[in-house]
Every structure is written in structure tokens, then in C-alpha cells.
Amino acid sequence: MRPSEHIDSYYSRTRTAPRDRPALDGRVETETCVIGGGLAGIATALGLAERGRRVVLLEAHRIGWGASGRNGGFLSAGFALGARDLEARVGLESAQELYRMSEDAVDLIRRRVEQYEIDCGDAPAGVVRNSWTDNPDAVKAGIGYMNQRFGGALEYWPREKVAETYLSPRYHDAVFNPRAHQLHALNYANGAAIAAEGLGAILHEQSPVKSITKQGDRHRVVTDTGEVVADNVVFCCSGEIGWLNQRLSWSILPIGTYVLLTEPLDDRLQSAIRAPHAAADNRRIENYYRALPDTRLLWGGGMSISRRPANLEERMLEDLFGVYPQLRGIRAETAWAGTMGYARHRMPQIGQLSPGLWYNQGYGGHGLNTTTMGGELIARAIAEDDHAYQAFAPFGLDFAGGPAGLVAAQLVYWSWKLRDAWDARRGGGGSRT
Ligand SMILES: Cc1cc2nc3c(=O)[nH]c(=O)nc-3n(C[C@H](O)[C@H](O)[C@H](O)COP(=O)(O)OP(=O)(O)OC[C@H]3O[C@@H](n4cnc5c(N)ncnc54)[C@H](O)[C@@H]3O)c2cc1C
């Protein structure tokens, strides 16, 4: 793995308080070494530093270089696995407990943004999930399910309201989540990293870890330019892990998703979007987007095993015109791809491989809140001998299939696309909870 800089994206173009951190140089001893400077690693380091523990974080490229600094920025409770599927898998009580943890992490992020004065945008509260399907009963049933069983605050938006706010021929009614919002992903990641450094954590960039070996009761983490000897090592490498640890590598699939930044739309924005909230839809492979204050659109969507498809700008524009045909003719400023780490069960993988060797990965497409939850659980386990992380034991390191798993994942995404199109045509589906 050769270290590299941030890719060109809306986030890297508009980041505030950029900070260069030196590569690891020489030998360092510490209590915990975190590998990976995405949100999972940063949250682990910050959680430990807040508890007064010594921690060194090694990032192969730059802090927030991976999915964490390029994502859609949608912050909400929940997991990549929907609540109904979660309930079916572990039962209502455990599902509620897990969901509550994911919700606490949203509150923790909000608290940290305030406490550490992290400049990560001022998007208005609330996210609208527009329905591609004409099935109001199913949408209302989905709202009832989430509000009653998981303490949600979801509101129903009838089709008349959607027609006035998100002017797409694809949309019917919608669900409004007042507790969700959109933030500047890279500024949040960098701000949380600066907060950790302020509390004594040591962060190194351009420091890809090459190997981890046992040294007595401790672990030796080696890069090209140095080594860290630590009691604990926490793997937070997500879909970027390569072959650093065979067990972890085999249990996660790197899946691509994509974001487009348009040129300023000026008055044309009003022909499509007239509400200030970030929006998504209720398909299996959804779009997620937001109009920026300067009228550019940040438009996300797609899922595939391709890390960066050819003609990404054109493809994303076509995707956008499929939803808002009245915008045809607008141009792209840039588009980028990011890699998510998915476990087969679509839930986070949080636990220990052996004493002192921790993993914190598998946050899929719903990682803003859950990485913070995972980081906090591991920090509590290391600093306070707390066992709450074991709530994730049902979601283990299932074999994800390696290259064959990637092919299978691509087939699943194609089938989801077909099913989305079919549902939209016949009015099926309707609620994605
Ligand atoms: C385009 C896109 C849109 C998304 N939108 C949303 C959204 O709106 N809301 C939401 O909740 N989630 C979203 N997600 C998902 C979310 O971004 C991820 O789940 C989350 O950022 C994962 O964080 P992470 O720290 O696990 O992984 P990453 O951010 O990928 O970080 C892993 C880090 O590990 C480093 N690393 C790997 N190997 C090594 C090594 N050997 N040595 C040192 N470092 C190493 C990598 O360089 C990388 O920086 C989106 C993802 C993408 C790609």
C-alpha cells in the first residue's frame, strides 16, 4: 500500500483546519495502537483519550482518507441492516438494545461537535426519505413500527407535501426523520481527530502497517519507518484492510458507492428541490443528496464492487436526471467513489481475536453513528473492562467469500436494482425499516 493524499471531492475542497501529521518514526511504546484513521479508528482513539488512556493511531494515508472523509454525511440512528431484519435476527429486546446504542452514538457525536467546536456544517435538522412506491399504507405502517418499537420520531409527509418540496415524477409520499441530519464528513473526522490529539492521543499519517506480531503479552505493530509496541491493537481498517489480517480480511467485502458534486444550479434548483433538508429514498439502492447553500447538489448513489467506474460523472448525472429530469443539461464539477466495508450480515463486527487484539469494522453504508458506537464500546472495554461490546457477538466474523463473495455481492445488487424497479412499477415495497 503506497500512502496517498485526499482524493478530489467536495469535502477535500472545502475542508477547514487541515493538519499534516508526521509518519511514524522509530520505536514507540503505548497502551493501545489503533490501525486505521477513519471514523472507527478516530472514535476509538478519542474514546480512549477521553478516559485518560495512552493511544497511538497509525493511518496509511491521511486522517479521513477512506469512506469516512468522502461519504454522504447522513447522520442517523440505526445500522446498515434494517430494523425489521435486525429484530428477525436477534429478537425484539436485543434489537431494541442495539438500536439504542446506535442512537446514543448520534447524541455522542452531537455532544462532541459542540464540546470540541468541530466545524462540520450547519445543515438544518431532518432528513426526508421519499417513496418511489405508491403504497401509503406500507409507509405509515413502517413509521408506526419504528416509532412504537424503537422510540423513533418519524413523521408522515403526504404526497401533496412531497410534490411541493421534492419535485420528482418518481416520488409519492415520504417519511421525515427530524432527528437525522447531514454533516461535513471530512471536517467531522478531522475535528474528532484534533480533539483526540488535544487529549494526548498521538496520530500518524502516511504510515501503512505492514505486520503485527506477538511480543510476550504485548503486540509489535510494524510500518516501513517504525514500530509501535502496545498491550492492545485495534484493527479499524474496514474494506481497505487488504491482507493485513487474514481472518478479518476474509470476513469483510469492499463495496463501492459514489457521490457527485454538480455546478451551482442557481434558479434551476427551485424547479426540483424546495426544502432545506437532506433527502434519500426508500429503494434498496437509494440516492442520498442535499442541496448546498450555494445551490450545488451533493448527489450520492449506486453500489457495486467497482472501486471507481469509468465515466463516473456522466453516470451520476444520468442517475440524477432519472429522478429530476427537469435538471437535464446541468454539469458536474466532480464525482468520487468510496469503499465501504460490509460483513455478510450487514452489521458491525466488534470484538477480540485474542487477548488484546481487537477488531472494529463492518460499518457498511451506515457508518457515521455506528463507528462512534463501536469506538466507544472498545474504548470502554479497554479502559473500564466493560463488556457491553459483547452485544455484537451474534454478528461474528462470518466468511464473506473473498473474490467469489464480491461476485455474489454484485449479483445481489443487480437483483436489488431489478426489484426496486419492479416495486416502483407495481407499488410494492413502500417501507424500508
Ligand atoms: C460514498 C459513501 C457514502 C456514504 N454515506 C454515508 C452516509 O451518508 N451516512 C452513513 O452513516 N454512512 C455512510 N457511508 C458509510 C461510512 O462512510 C462508513 O461506514 C464509515 O466511514 C466507515 O469508517 P471506517 O473507519 O470503518 O472505515 P474508513 O473510513 O474506510 O477508514 C479505514 C482506514 O483504515 C486505513 N487503513 C487500512 N489499512 C491500513 C493499514 N494497513 N495501515 C494503516 N491504515 C490502514 C485506511 O487508509 C482508511 O483510512 C458512506 C460511505 C461511502 C463510501
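## Two buried helices, a ligand shell and two domains

Eleven of the 14 residues of helix α7 (185–198) are buried, so α7 is largely enclosed by the rest of the structure. A residue is called buried here if 20 or more other C-beta atoms lie within 10 Å of its own, exposed if 12 or fewer do, and partly exposed in between, with C-beta atoms placed from the backbone. The model is a predicted one, in which local features need pLDDT of at least 70 and side-chain atom pairs count only at pLDDT 80 or more, while totals for chains, interfaces and linings use all residues. Residues are numbered from 1 along each chain as its sequence is written. Helices (H or I, at least four residues) and strands (E, at least two) are DSSP runs, numbered from the N terminus.

### Helices α7 and α2

The buried residues of α7 are Ala185, Leu186, Asn187, Tyr188, Ala189, Asn190, Gly191, Ala192, Ala193, Ala195 and Ala196. They pack against α1 (10–13), α2, α4 (92–115) and β8 (202–204), where contact requires that the C-beta atoms of two residues, placed from the backbone, lie within 7 Å. Just after α7, Gly200 takes a positive phi of about 110°.

Helix α2 (39–50) is likewise largely enclosed by the rest of the structure, because eleven of its twelve residues are buried. The buried set in α2 consists of Leu39, Ala40, Gly41, Ile42, Ala43, Thr44, Ala45, Leu46, Gly47, Leu48 and Ala49. The partners against which these residues pack are β1 (26–35), β2 (55–58), α7, β11 (226–235), β18 (357–361) and α10. After α2 comes Gly52, with a positive phi near 75°.

The lengths of the two helices can be set beside their expected spans, the expected value being 1.5 Å times one less than the number of residues.

| Helix | Residues | Span between end C-alpha atoms | Expected span |
|---|---|---|---|
| α2 | twelve | 16 Å | 16 Å |
| α7 | 14 residues | 20 Å | 20 Å |

Gly64, in the loop between β2 and β3 (74–75), is a point of contact with α7. With 28 C-beta neighbours inside 10 Å, Gly64 counts as buried, and its C-alpha atom is separated by 5.8 Å from that of Ala189, although the two residues are 125 residues apart along the chain. Leaving aside residues up to four places away in sequence, Gly64 touches Gly37, Gly38, Gly69, Leu186, Ala189 and Asn190.

### The shell around the ligand

The ligand is surrounded by 44 residues, of which the closest are Gly38, Gly66, Gly72, Gly338 and Gly367; a residue belongs to this shell if its C-beta atom, placed from the backbone, lies within 6 Å of the molecule. Two or more residues of the shell come from each of α2, β12 (253–262), β16 (332–342) and α10 (368–384), and β16 gives the most, with four residues. By residue class, the shell holds 19 nonpolar, 22 polar and three charged residues, where Ala, Val, Leu, Ile, Met, Phe, Trp, Tyr, Cys and Pro count as nonpolar, Asp, Glu, Lys and Arg as charged, and the others, Gly among them, as polar.

### Two domains

The domain assignment gives domain 1 (10–71 + 186–252 + 344–400) and domain 2 (127–178 + 255–341 + 409–426), with bounds that come from an automatic or database assignment. The C-alpha centres of domain 1 and domain 2 lie 31 Å apart. The contact between them takes 14 residues from domain 1 and ten residues from domain 2, and the side of domain 1 that touches domain 2 divides into four nonpolar, eight polar and two charged residues. The shell around the ligand draws at least three residues from each of the two domains.

### A hairpin and two loop residues

Strand β17 (residues 349–354) pairs with β18 in the antiparallel sense over five bridges, pairing being assigned when DSSP finds at least two bridges between two strands. Gln349 stands opposite Gln361 in β18. The two strands form a hairpin with two residues between them, and Gly356 in the turn has a positive phi of about 85°.

Most residues other than glycine have a negative phi. Asp266, which is not a glycine, nevertheless has a positive phi of about 50°; it lies in the loop between β12 and β13 (278–281) and is exposed, with 11 other C-beta atoms within 10 Å. Thr295, also not a glycine, has a positive phi of about 75°. Thr295 is found in the loop between β14 (288–291) and β15 (297–304) and counts as partly exposed, with 16 C-beta neighbours inside 10 Å.
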